[in-house]
Amino acid sequence: MERQRIEQMQMRLRSEALNQRKEALDELAEFPPEVAVPILEKLASERDFALRRLAAMGLGNHRTDAAFHALQQMVSQDQDANVLAEAANSMFEFGEAAIPPLQQLFERSDHWLVRQTIISLLIGTPYNEVLLAMVRQALEDNTETVRETGILALNQILKSPLQPQALILLSELAQNADWRTRWRTATALHGCQDPQAKQLLAQAFLTAGQIRQVASTRSSCSDKYRIIILLQDRFHR
């Protein structure tokens, strides 16, 4: 009976109906890791990226060495950004052990979704040195939203012993010709009481009209900008 249930669940994991896939994944989460992880490993080898993404999501439900190893394989071998971003999310649930492979993935990938996902994951964690290293790389990225995510992440660095390094970066950004860059810089500086930070905030100051102009575009933002906006709102709470 149990074997039949597992076989039916594996079929639903591959169903064309997304709700059936989700229900099967939720059901699989209740199984012991020794049963669930091999099923997810097999799913992770499928050609369909959506199935591999589902596998990455499911592996996060099982905090075992086998699940973590499967996620490591995915982030080192898979080429699809959607799969990699989902694997990064699941790997993050494993705590400190996940930080080195996530940093390696960030350095290796040039896709905006992967990079923005990883930076967002590290915000709110104590891994400020790793986050600062990622921010430095993000500021050199060709994609505007990756650069902006990196700027927003400096808000956390300002609250850490690494504040001087953050201020050096922000002092350059506050003079940037692009008003979006100055706006993100002002957001990152928000709440910092350091005198230099207040001076930089004045430099990066954006008019209320510019802020309203950006706010009015929120409803039509791409996924790239939704991540940026979520981070900005987080800092203003």
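Which backbone nitrogen does a side-chain oxygen of Asp80 reach at the start of α6? The views below come from a predicted model, and the first of them takes up that question.

**View 1. The start of helix α6, with Asp80 and Asn82.** Here's the reply: the backbone nitrogen belongs to Asn82, and a side-chain oxygen of Asp80 comes to within 2.9 Å of it. Asn82 turns up again in View 4, as part of the lining of the largest pocket.

**View 2. Helix α6 from end to end, residues 81-92.** How far apart are the end C-alpha atoms of this helix? They sit 16 Å apart, and that agrees with the expected span: at 1.5 Å a residue, the 12 residues of α6 should cover 16 Å. The helix is also largely enclosed by the rest of the structure, because nine of its 12 residues are buried. Those buried residues are Ala81, Val83, Leu84, Ala85, Glu86, Ala87, Ala88, Ser90 and Met91. As for what covers them, look for α4, α5 (65-77), α7 (99-108) and α8 (112-122), which are among the covering parts.

**View 3. Glu27 in helix α2.** Is Glu27 buried or exposed? Its relative accessibility is 17%, and buried means under 20%, so Glu27 counts as buried. Leaving aside residues up to four places away in sequence, Glu27 touches Arg5, Met9 and Arg12.

**View 4. The largest pocket, with a volume of about 200 Å³.** Around this pocket you'll find Leu18, Arg21, Lys22, Phe49, Ala50, Arg53, Leu54, Met57 and Asn82. Sorted by type, the lining has five nonpolar residues, one polar and three charged. Which helix gives the most to the lining? That's α4, with five residues. Both α2 (18-28) and α4 (49-59) supply at least two residues each. So α4 appears in two of these close-ups, since it is also among the parts covering the buried residues of α6.

**View 5. Stepping back to the whole protein chain, with its 15 helices.** How many strands are there to go with the helices? Zero, so don't go hunting for any. The chain has 237 residues, and 49% of them count as buried. Now take the contacts between residues at least 6 apart in sequence: 61% of these join residues at least 24 apart.

How values were computed
Residues are numbered from 1 along each chain as its sequence is written. This is a predicted model: local features need pLDDT of at least 70, side-chain atom pairs count only at pLDDT 80 or more; totals for chains, interfaces and linings use all residues. Side-chain values use heavy atoms; hydrogens and water are left out. On a 1 Å grid over the protein atoms alone, a cavity is a set of points where a 1.4 Å probe fits but cannot get out, and a pocket is an open set with protein on both sides within 12 Å along at least five of seven lines; lining residues have an atom within 4 Å of a point. Grid points are joined across faces, edges and corners, and a volume is the space filled by probe spheres set on the points. Helices (H or I, at least four residues) and strands (E, at least two) are DSSP runs, numbered from the N terminus. Ala, Val, Leu, Ile, Met, Phe, Trp, Tyr, Cys and Pro count as nonpolar, Asp, Glu, Lys and Arg as charged, and the others, Gly among them, as polar. The expected span of a helix is 1.5 Å times one less than its number of residues. Buried means under 20% relative accessible area, exposed over 50%, partly exposed in between (1.4 Å probe, protein chains only). Contact means heavy atoms within 4.5 Å. A polar contact is a pair of N or O atoms within 3.5 Å; within protein, one must be able to donate a hydrogen and the other to accept it, and residues adjacent in sequence count only if both atoms are side-chain atoms.
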